[in-house]
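Work through the following exercises with the coordinates open beside you, and try each task before reading its solution.

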Amino acid sequence: MQHELVKLISLDTRDARAGDTLDFDIRFAADDAGSFTGHAAIFDERNSFNEVVKRGAFNRTLSEHQARNIRPPMLWSHRTDEVIGVWTDIREDATGLAVTGKLITETARGKEAHALLKAGALNGLSIGFRARGAERASNGLRILTDIDLVEISLVALPSAGNARIKQVRSIGDVSAFTRAVQGAIATLRKD
């Protein structure tokens, strides 16, 4: 099992007049900077290639990845020569293919992607895959039922409009939280 480094912030405020003390700790993983969550594919949403992904389409490939102890690479806009991070969790949920990833911010592209994510300028996800099972509807729609997941990319324009990054974490978020808590404590002291 992988051990997670944890940073600890301790805030100890004392109200000398009342003799009250408020102690608490905030714990966060030291490697949270550059981590994000989202959905790389959305079930039953028609994409720009006139395809829909059905629930369960990723079950086989995820089982195969798990058995081989591998995960698909995280790429910059489907470019195989630009790996920008690692996927720490990939699974099907009620919405689609839920992913959690961590950008490698020590690389130029990873640092750039992190800056774009934090600014809200980049938030799309897209999958590279081979269809192992598909059907055609009478209207020409391709229904994907078994997908061999090859890679997942951060992209500006995903083919599935709702395949988006939902949350980005950074160490700065903890500092902002700490400032908010300190402000709340100051407000409580005034009462």
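**Exercise 1.** Determine which residues Glu 135 touches, not counting residues up to four places away in sequence.

*Solution.* Take contact to mean heavy atoms within 4.5 Å. Under that criterion the partners of Glu 135 are Leu 141, Arg 142, Ile 143 and Thr 145. Next, place the residue: Glu 135 belongs to strand S8, where helices (H or I, at least four residues) and strands (E, at least two) are DSSP runs, numbered from the N terminus. Then consider its cover, with buried meaning under 20% relative accessible area, exposed over 50%, and partly exposed in between (1.4 Å probe, protein chains only); Glu 135, at a relative accessible area of 48%, is partly exposed. Finally, compare sequence and space for one of the partners: Thr 145 is 10 residues from Glu 135 in sequence, and their C-alpha atoms are 7.6 Å apart.

Before going on, note that this is a predicted model, in which local features need pLDDT of at least 70 and side-chain atom pairs count only at pLDDT 80 or more, while totals for chains, interfaces and linings use all residues. Residues are numbered from 1 along each chain as its sequence is written, and side-chain values use heavy atoms, with hydrogens and water left out.

**Exercise 2.** Work out which strands pair with S9, and in what sense each of them runs.

*Solution.* Two strands pair if DSSP finds at least two bridges between them. Begin with strand S8 (residues 124–136), which is joined to S9 by 12 bridges and runs antiparallel to it; here Glu 135 stands opposite Ile 143. S8 and S9 form a hairpin with five residues between the strands, and in this hairpin Gly 140 takes a positive phi near 90°. Strand S4 (residues 51–53) pairs with S9 in the parallel sense over three bridges, and Ile 143 in S9 is the bridge partner of Val 52. Strand S5 (residues 74–76) also runs parallel to S9, with three bridges between them, and Leu 75 has Ser 153 as its bridge partner in S9.

Now examine the cover of S9 (residues 142–155): the strand is mostly covered, since 11 of its 14 residues are buried. Asp 148 lies in this strand, and its relative accessible area of 17% places it in the buried class. Leaving aside neighbours within four places in sequence, Asp 148 is in contact with Thr 61, Gly 128, Phe 129, Arg 130 and Arg 132.

**Exercise 3.** Trace the pairing of S6 with S5 and with S7.

*Solution.* S5 and S6 pair in the antiparallel sense over three bridges, with Met 74 opposite Gly 85 in S6. The two strands form a hairpin with two residues between them, and Ser 77 in the turn has a positive phi of about 50°. On to strand S7 (residues 96–103): seven bridges join it to S6, and the strands run antiparallel. Asp 89 stands opposite Thr 100 in S7, and the hairpin of S6 and S7 has three residues between the strands.

**Exercise 4.** Find the aromatic pair and describe its geometry.

*Solution.* Rings of Phe, Tyr and Trp (its six-membered ring) pair if their centres lie within 6.5 Å; planes under 30 degrees apart count as stacked, over 60 as edge-to-face and the rest as tilted. This rule gives a count of one aromatic pair. Phe 36 and Trp 87 form it, at 5.6 Å centre to centre and with 75° between the planes, which is edge-to-face. The pair links distant parts of the chain, as Phe 36 is in strand S3 (residues 35–42) and Trp 87 in strand S6 (residues 79–92), 51 residues apart. Phe 36 is buried at a relative accessible area of 0%, and Trp 87 is likewise counted as buried, at 3%.

**Exercise 5.** Put these parts into the whole chain by asking how many helices and strands it has, and in which order they run.

*Solution.* The chain has three helices and 10 strands, and from the N terminus on the order is β-β-β-β-α-β-β-β-α-β-β-β-α. Of its 191 residues, 39% count as buried. Among contacts between residues at least 6 apart in sequence, 65% join residues at least 24 apart.
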